Amino acid sequence: MALAGTGMFAEILDGEVYRYYADGEWRSSASGKSVTIVNPTTRKTQYRVQACTQEEVNKVMDAAKVAQKAWARTPLWKRAELLHKAAAILKEHKAPIAECLVKEIAKPAKDAVSEVVRSGDLVSYTAEEGVRILGEGKLLVSDSFPGNERNKYCLSSKIPLGVVLAIPPFNYPVNLAVSKIGPALIAGNALVLKPPTQGAVAALHMVHCFHLAGFPKGLISCVTGKGSEIGDFLTMHPGVNCISFTGGDTGIAISKKAGMVPLQMELGGKDACIVLEDADLDLVAGNIVKGGFSYSGQRCTAVKVVLIMESIADAVVQKVNAKLAKLKVGPPEDDSDITPVVTESSANFIEGLVMDAKEKGATFCQEYRREDNLIWPLLLDHVRPDMRIAWEEPFGPVLPVIRINSVEEGIHHCNASNFGLQGCIFTRDINKAILISDAMETGTVQINSAPARGPDHFPFQGLKDSGIGSQGITNSINMMTKVKSTVINLPSPSYTMG
Ligand code: NAP
């Protein structure tokens, strides 16, 4: 079943290189150069995308600026209608897009389909939410503030920012792109997408669904190229009025370089799972395996360190090991649970963390096994704070367990991290859970479940190095707008029914 780049997607392909999208057209770059996308499973070239030039980026920004003005004059219900249309096309064509996700980022086949469907749902929900929250403004009257009479009426409403630059990461190249595209468009902005290199072809197919829905020329564009080469030019471009970025430490560097524009940053995490003595141990084991090993641990909200009370540690480790033994390891096409990690350098990085833990005396619950980019699931017990894996994000199927003797010890480890994305607590005592949740310096705490980004309308944010601002459909729409006020000044105070 080879559907990507064929049929209605044929026009996005120029020979062997996927085109970029600008001014409502699919184009080949004047650079004559392309960027190679290596299949993580076969380690062979799977796709090529255009290496766009700075001149092409300039043109995209100019077109976006013009298109945005007309779009801001387009009624809200019409913007919503187009988004609903794009969502339907996206869901209808989930198969070729999922195929790209399997080949570019080794996402298990079923999960790849779910990502596309979830993305369509996100776009529809965003359209609905936008119509509600952007359809309302505020009326303020002046006499509530001391010294004023009621002679001023302030009308405030939300206005677009202009051109939004969206940069998603490789692990959800479709979902984390539409979570920026939808809010930007419903709020009346233009959108420039720079997809991750691994995942770029899935993103281009997704953009084609928006193209087919009939959005105006230039309103949406997608420029491809290596982040390290065109990234700075894009993020420091004077035509950009807002940056929404999801990824790793790159986001910290972007925050330092970007000009005076609003930033939405969703960065890395080291989500802690704190397990108390009274927890339901089967529930804990199930969530550690799902939370730590889904998509081979390549999720921002994966469980990345288990902090467990010594008295129950043996029992939980045993239950987790039993479940790990049942995971299917292999290619994404077979719907394996554990698939190759995204690049060879990622696999090398993970191996570095594992070897450091080995030298420092961690207990290996399974034998360490790697074939090319494929790493077998591994639980490391008796990890201590002097090991790198206690603090760093492996982004792979390798999970450290630190045994603790008090809840305070667990909270202390969680808060000593430079990250603060999510965390979770397992206990049957809700009062304790609330106290621990309040003590944890993370953007979200899950009680009795593994961390998760969804459902997509929930607020989602990281503290410290994990982010700036908040995501989630409503928060993203608000973030991509600014408040504008118009004040009506009456010659004399006026009081209704007065
Ligand atoms: P990454 O290396 O930071 O890349 C993210 C995006 O930035 C990619 O599109 C990349 O393009 C681009 N990029 C690279 N250099 C750039 C530059 N100088 N300027 C502008 N853009 C640039 O992250 P990743 O490896 O794709 O994703 C893994 C990381 O994302 C992990 O740390 C994970 O925790 C985090 N993440 C966070 C969340 C969240 O919501 N908090 C969600 C998912 C993932 P290229 O691919 O072309 O280099």
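A polar contact is a pair of N or O atoms within 3.5 Å; within protein, one of the two must be able to donate a hydrogen and the other to accept it, and residues adjacent in sequence count only if both atoms are side-chain atoms. The model is predicted, so local features need pLDDT of at least 70 and side-chain atom pairs count only at pLDDT 80 or more, while totals for chains, interfaces and linings use all residues. Residues are numbered from 1 along each chain as its sequence is written, and side-chain values use heavy atoms, with hydrogens and water left out.

We can begin with the contacts of the ligand. An N or O atom in the side chain of T197 lies 2.6 Å from an oxygen atom of the ligand, and a polar backbone atom of G227 is 2.8 Å from an oxygen atom of the ligand. At L267, a backbone N or O atom is 2.7 Å from a ligand nitrogen atom. On its own the ligand has 920 Å² of accessible area (by the Shrake-Rupley method with a 1.4 Å probe), and the protein covers 85% of this.

Looking at the wider surroundings, we find that 31 residues surround the ligand, the closest being T197, G227, G248, L267 and E393; a residue is near a molecule if one of its heavy atoms lies within 4 Å of it. Both domain 1 (12-267) and domain 2 (272-447) give residues to this shell, and therefore the ligand lies between them; the domain bounds come from an automatic or database domain assignment.

Among the helices and strands (DSSP runs, H or I of at least four residues and E of at least two, numbered from the N terminus), α7 (227-235), β12 (242-246) and α8 (250-257) each supply at least two shell residues, and the largest share, 5 residues, comes from α7.

Away from the ligand, the peptide bond from G454 to P455 is cis, with omega near -10 degrees, and P455 is found in the loop between β23 (444-447) and β24 (463-464).
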